[in-house]
Amino acid sequence: MATVPPHELLLVPAAGDPARAALREQCYAVRIAVFVTEQGFPLDAEIDDLDETATHFLLRLLPSRTPVGTIRCSRHGGYYKLSRLAVLKEYRQCRFGRELVLALHDFVKRDARRTGAAGFVPVKSHSQIPAKGFYAKFGYQPQGEEFDEDGAPHQLMVAQLSLSD
Ligand SMILES: CC(C)(COP(=O)(O)OP(=O)(O)OC[C@H]1O[C@@H](n2cnc3c(N)ncnc32)[C@H](O)[C@@H]1OP(=O)(O)O)[C@@H](O)C(=O)NCCC(=O)NCCS
């Protein structure tokens, strides 16, 4: 593992909070650098309807507060969705991706318990094929066939989070 630079992980405030817009823009900046500039996905597909209501997480270097990672969580009927996980290329293999996924999992568990759920809660991700092994480390298992999303093959990966942990 590379040396881990000092950093902070922020939960972007919910819709309606005046601090949300500026922090969410920083999440968008990381996503655009990774998905649009690096990977070539279309810019017009990057920001979508889920962004309005989703819970966003932002990872920044300290003390500069430079944004280097992000992830997004949305609640759907009966499951949560993990999406837009991105770490800037020069900061990969520092465990930032892991930190973002685990922060999302903690959030899902708190949110699910608050709504009275018990047992297990499913979290779904549309994984790019090269990222399947990453998700597998966090309990995600492939379901169904590969499918096309925004011009690239993806795989539905699903984790069942225990609410009793
Ligand atoms: C996928 C991504 C978020 C991983 O972030 P990262 O910060 O480099 O990952 P971490 O350092 O936290 O890695 C955690 C573990 O996963 C492993 N890992 C990282 N990327 C992996 C990959 N693509 N496949 C398999 N394992 C991977 C690491 O080796 C590490 O393993 P260890 O715990 O045994 O040491 C990052 O590579 C990225 O942003 N890629 C481009 C965007 C992308 O593809 N996003 C996912 C869209 S579905």
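Here is a quick tour of this chain, from its overall build down to a few residues worth a look. Keep in mind that the model is predicted. The chain has five helices and seven strands, and its radius of gyration is 15 Å, close to the 15 Å that the globule rule gives for 165 residues, so it is as compact as a globular protein of that length. According to UniProt, in an unreviewed entry, residues 14-162 carry the feature "domain: N-acetyltransferase".

**Overall build**

- Reading from the N terminus, you'll meet the elements in the order β-α-α-α-β-β-β-α-β-α-β-β.
- If you lay the C-alpha trace along its principal axes, the chain spans about 40 × 35 × 35 Å.
- Take the contacts with a separation of 6 or more: 63% of them are between residues 24 or more positions apart.
- As for the stretch that UniProt marks, residues 14-162, the span is 34% helix and 37% strand. Its end C-alpha atoms lie 25 Å apart.

**Inside and outside**

- Of the 165 residues in the chain, 44% are buried.
- The accessible surface comes to about 8700 Å², and carbon and sulfur atoms account for 53% of that.
- On the charge side, there are 20 positive and 20 negative charges in the chain. The mean positions of these two sets are 7 Å apart.

**Backbone details in the loops**

- Have a look at the step from Leu62 to Pro63: this peptide bond is cis, with omega near 5°. You'll find Pro63 in the loop between strand 2 (55-61) and strand 3 (67-76).
- Gln93 isn't a glycine, yet its phi is positive, at about 65°. Gln93 sits in the loop between strand 4 (79-87) and helix 4 (96-114). With a relative accessible area of 68%, Gln93 is exposed, the cut-off for that being over 50%.
- Asp150 is another residue other than glycine with a positive phi, here near 50°. The loop that holds Asp150 runs between strand 6 (141-149) and strand 7 (152-162). Asp150 has a relative accessible area of 42%, so this residue counts as partly exposed.

**Ser125, a buried strand residue**

- Ser125 belongs to strand 5, which covers residues 120-128.
- Is Ser125 buried or exposed? Ser125 is buried, as its relative accessible area is 1%, and buried means under 20%.
- Which residues does Ser125 contact, once neighbours within four places in sequence are set aside? They are Leu82, Tyr135, Tyr140, Gln155, Leu156 and Met157.

**Lys109, a buried helix residue**

- Lys109 is part of helix 4, and Lys109 is buried too, with a relative accessible area of 16%.
- Leave out residues up to four places away in sequence, and Lys109 touches Leu161, Ser162, Leu163 and Asp165.
- Lys109 and Gln128 are 19 residues apart along the chain, and 25 Å separates their C-alpha atoms.

Methods
Residues are numbered from 1 along each chain as its sequence is written. This is a predicted model: local features need pLDDT of at least 70, side-chain atom pairs count only at pLDDT 80 or more; totals for chains, interfaces and linings use all residues. Side-chain values use heavy atoms; hydrogens and water are left out. Helices (H or I, at least four residues) and strands (E, at least two) are DSSP runs, numbered from the N terminus. The radius of gyration is taken over C-alpha atoms; the globule rule is 2.2 Å times the number of residues to the power 0.38. Buried means under 20% relative accessible area, exposed over 50%, partly exposed in between (1.4 Å probe, protein chains only). Contact means heavy atoms within 4.5 Å. Accessible areas come from the Shrake-Rupley method with a 1.4 Å probe; for residues, only the protein chains shown count as cover. Lys and Arg count as positive and Asp and Glu as negative; His and the chain ends are not counted. The place of a charge is taken as NZ of Lys, CZ of Arg, CG of Asp or CD of Glu. UniProt positions are given in the numbering used here, feature names are shortened, and annotations may be inferred rather than shown by experiment.
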